[in-house]
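Hi everyone, thanks for coming. Please have a look at the sequence and the model on the screen, and then we'll walk through a few places together.

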Amino acid sequence: MGKKRIILNAFDMTTTTHQTSGTWRHPDSQAHRYKDLEYWTDLAKTLERGRFDSIFIADVLGTYDVFRDSAAAALRDAAQTPVNDPFLQVPAMAAVTEHLGFGVTAAVTYDQPFPFARRIATLDHLTKGRVAWNVVTSYLNSAALNHGFTKQLGHDERYELAEEFLDVVYKLLEGSWDDDAVAFDAERGVFTDPEKVHPIHHEGKYFSVPGFAITEPSPQRTPVIFQAGASTRGRRFAASHGEGVFISPANPEGARVITDDIRDLAEAQGRKRDDVKVFALVTVITDETDEKAQAKFEEYLRYANPEGVLALYGGWTGIDYSKFDLDEPLEAVDNDSLRSVLASLTSADNSIQWTVRDIVERRGIGGMGPVIVGGPETVADELERWIEVGDLDGFNFAYAITPGTFEDLVDYVVPELQRRGRAQTEYSGTTLRESLYGEGTTRVFESHPAAQYRGAFSATVSDLEHAR
């Protein structure tokens, strides 16, 4: 049996400071160009040159205003603010590439499934089937307030809403149009056969959608589903829906606990263990040699901004770290923000008791994930160790500076992984789902919840009109 291929995803965001604080000030950083289309098209070409599977674009809908009960620190260090829409650069990136996939983040909590289904299907059409949807429930209370709520929904209720949201999207994209509904028959004057388009008549707790999708079926129909839930409820959700699941463990041993649990849960729901591809968040600092890589890492550390780090972690965990003494021990707190982030901090290293000072010093580079530093062979050795020990399928590579971190991966690490038979040298298939699962797997597997709606509806447009 050959070595498992490592799936490569770049992790970026339409903002200046994503996971690493302060390095936007580095002279080689182009992070401030997140608003320039050329930044994204150039990055897409670089990643396709490195045979990356996809670029995964994160997003938030609020500001990081927990630290000192203010957004001031986040604004000063551009901590995920300002932030642009992650959807809009994708068609341009698709136009300059042929195979690279595009994972876009969209929160179900503040959207409606009917217009969203059209938006994601449009992207799937324009990219010829290279789109994934990172399903999130949003974790910032500031987002709730700016969307008209008095406070954000509780953690588990957000997942209940998400379940119904996905159910509606699946019905629209998989069930409302037959495969041969579009006749494109000029002689008969029929573009779409109305008898082959079906209302879904959805009436639920959160959403009411009586009609049918207003887009024709896209290449994948349902986009590849990405998910990053790591709480107990989040893992159940990921195991049910996720095709690519992103985790943020501190080490490979911690990764194995999470991946085993997610695969066990998926299997219990009738899916195969390998149906779920699990990716760990890491930041790689590399160069020609270990010594050069270490020097580069130390240089980046000099730019790290302590208040920027704590602004990010305040948003991720819901805790105002200004209220703690720098050396006061931290304990996991059960709240409605990213529970997994706080838990990973307090369990990252059993030999220490995490403090605010540790967050600043240890997570200034890399944010929620660990940092791997070294030359090509050292980094490849460590990535392979993570894959084997953690039972992982690939990585979500964050940047310390951009596009430099990604260029270094493509120039130094990817060739070494290819030499070891761990990274692809050519793409297979044309859609993102084929990239993950192999040629011929453009549609979701039969065991996926979306598949139940294939051919599930028999009502026609006439029935819908009669019901009015």
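Let's start with one residue: in which loop is Ala 400 found? It is in the loop between β13 (394–398) and α14 (404–419). Before we go on, please keep in mind that this is a predicted model.

Ala 400 has a relative accessible area of 0%, so it is buried. Who is around it? Setting aside the neighbours within four places in sequence, Ala 400 is in contact with Thr 20, Thr 23, Thr 283, Ile 285, Tyr 300, Ile 365 and Thr 405. Here is a nice example of how a chain folds back: Ala 400 and Phe 11 are 389 residues apart in sequence, yet their C-alpha atoms are 11 Å apart in space.

Stay in that loop for a moment, please. Pro 403 is found there too, between β13 and α14, and a cis peptide bond with an omega of about 5 degrees joins Thr 402 to Pro 403. Another cis bond joins Thr 81 and Pro 82, with omega about 0 degrees. Pro 82 lies in the loop between α2 and α3. For the newcomers: most peptide bonds are trans, and most residues other than glycine have a negative phi.

That second point brings us to two more residues. Arg 51 is not a glycine, but it has a positive phi of about 60 degrees; you'll find it in the loop between α1 (37–49) and β2 (54–58). Lys 128, also not a glycine, has a positive phi of about 60 degrees and lies in the loop between α4 and β4. Is Lys 128 buried or exposed? Its relative accessibility is 63%, so it counts as exposed.

Now for the aromatic rings. How many aromatic pairs does a search of the whole structure find? The search gives 23. Take Phe 87 and Phe 116: their ring centres are 6.3 Å apart and their planes stand at 80 degrees, so this pair is edge-to-face. Phe 87 is in the loop between α2 (72–76) and α3 (90–95), while Phe 116 is in helix α4 (residues 113–126), so the pair ties together parts 29 residues apart in sequence. Phe 87 counts as buried because its relative accessibility is 8%, and Phe 116 counts as buried at 0%.

A second pair is Phe 246 with Phe 279, and this one is tilted, with 5.3 Å between centres and 35 degrees between planes. Phe 246 sits in strand β10 (residues 244–247) and Phe 279 in strand β11 (residues 277–286), 33 residues apart. Both Phe 246 and Phe 279 are buried.

Back to Phe 87, please. Ring pairs link it with Phe 116, Trp 133, Phe 165, Tyr 206 and Phe 207 into a cluster. The charged end of Arg 119 also sits over the ring of Phe 87, 5.5 Å from its centre.

Last stop, the helices. Why is α7 (residues 232–241) described as largely enclosed by the rest of the structure? Eight of its ten residues are buried, so that is how we read it. Among the buried ones are Arg 233, Phe 237 and His 241. The elements covering them include β4 (131–136), α6 (155–175), β9 (224–227), β10 and α8.

And α8 (residues 252–268) has a partner: it packs with α13 (residues 376–390) at about 35 degrees, with the axes 8 Å apart. Their crossing is right-handed.

Thanks for listening, and please ask away!

Definitions and conventions: Residues numbered from 1 in each chain as written. Predicted model: local features only at pLDDT ≥ 70, side-chain atom pairs only at ≥ 80, totals over all residues. Heavy atoms only, no water. Phe/Tyr/Trp six-rings, centres within 6.5 Å; stacked < 30°, edge-to-face > 60°. Helix = DSSP H or I, 4+ residues; strand = E, 2+ residues; numbered from the N terminus. Buried < 20%, exposed > 50% of the residue type's maximum accessible area, 1.4 Å probe, protein only. Lys NZ or Arg CZ within 6 Å of the ring centre and 35° of its normal. Axes fitted to C-alpha atoms, helices over the stretch in contact; angles between N-to-C directions. Left-handed = near helix turned anticlockwise from the far one by under 90°. Contact = heavy atoms within 4.5 Å.
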